[in-house]
Amino acid sequence: MKVSGASIRHKKRRGEWAELRFMARASEHGFSVSKPWGESEPYDFIVAHRGRFLRVQVKSTTYSRSRSYYCQLRGRRGAYTSQEVDFVAMYIIPKNIWFIFPIDVVLREKHNVILSPHKEVSKNGAYEEAWHLMLSQGQGGSKEDSV
């Protein structure tokens, strides 16, 4: 029996399912993906590409209003910061669409990010499936990278 993420009623399990989807999609884009042991870190994953590492928080949503989806920005610790997270990956479960946001963009929002993949032009449209943003950023790497 195939299970759709939207049919998973338990919020924590649905979030875990979305994290599995993130690992698969990030791997398809050439990232190595690591999950910290436990839930003590403010991020869900470390993604690596060519010796560069990024901290990624994964969020998912099924909540929509007027065809747009709303994704909550706060975690169990409160608001995310750029000292803790580099990117936030937001997954619209019913649409199977990812939005990849640099943390600095997310910090401009108050409580929720509104995602409108049905619109040709939208405030956050540039971040739809924007995996390339993580390819062009990162910490670490060789000395030549910082020259």
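Two strands are taken to pair if DSSP finds at least two bridges between them. On this basis the strands of the structure, which is a predicted model, can be described sheet by sheet.

Three elements are considered together to begin with. The 3 strands S4, S5 and S8 form an open sheet, arranged in the order S4-S5-S8 with antiparallel pairing. Strand S4 (64–65) and strand S8 (112–115) occupy the edges; each has a single partner strand, so one side of each is left without a neighbour in the sheet. Between S4 and S5, the antiparallel pairing extends over 2 bridges. Within this pairing, Arg-65 stands opposite Ser-68 in S5.

The surroundings of Ser-68 were examined further. This residue belongs to strand S5, which spans residues 68–72. Ser-68 has a relative accessible area of 6%; because this value falls under the 20% cut-off, Ser-68 is classed as buried. When neighbours within four places in sequence are set aside, the contacts of Ser-68 are Tyr-63, Ile-114, Leu-115, Ser-116 and His-118.

Ile-114 also appears in the environment of Asn-124, a residue located in the loop between S8 and helix H3 (132–135). Asn-124 has a relative accessibility of 5% and therefore counts as buried. A polar atom of the Asn-124 side chain lies 2.9 Å from the backbone oxygen of Ile-114. With neighbours within four places in sequence again excluded, Asn-124 is in contact with Phe-99, Phe-101, Val-113 and Ile-114.

A further set of pairings centres on strand S6. Strand S6 comprises residues 87–92 and is mostly covered, with 6 of its 6 residues buried. Side chains on both faces of S6 share in this burial: Phe-87, Ala-89 and Tyr-91 point one way, whereas Val-88, Met-90 and Ile-92 point the other way, and all are buried.

Strand S6 is joined to two strands, in the parallel sense to S3 and in the antiparallel sense to S7. Strand S3 (residues 52–61) is connected to S6 by 6 bridges, and Val-56 stands opposite Phe-87 in S6. Strand S7 (residues 97–102) is likewise linked to S6 by 6 bridges; here, Ile-100 in S7 is the bridge partner of Ala-89. S6 and S7 form a hairpin in which 4 residues lie between the strands. In the turn of this hairpin, Asn-96 has a positive phi of about 55 degrees.

Notes:
Residues are numbered from 1 along each chain as its sequence is written. This is a predicted model: local features need pLDDT of at least 70, side-chain atom pairs count only at pLDDT 80 or more; totals for chains, interfaces and linings use all residues. Side-chain values use heavy atoms; hydrogens and water are left out. Buried means under 20% relative accessible area, exposed over 50%, partly exposed in between (1.4 Å probe, protein chains only). Contact means heavy atoms within 4.5 Å. A polar contact is a pair of N or O atoms within 3.5 Å; within protein, one must be able to donate a hydrogen and the other to accept it, and residues adjacent in sequence count only if both atoms are side-chain atoms.
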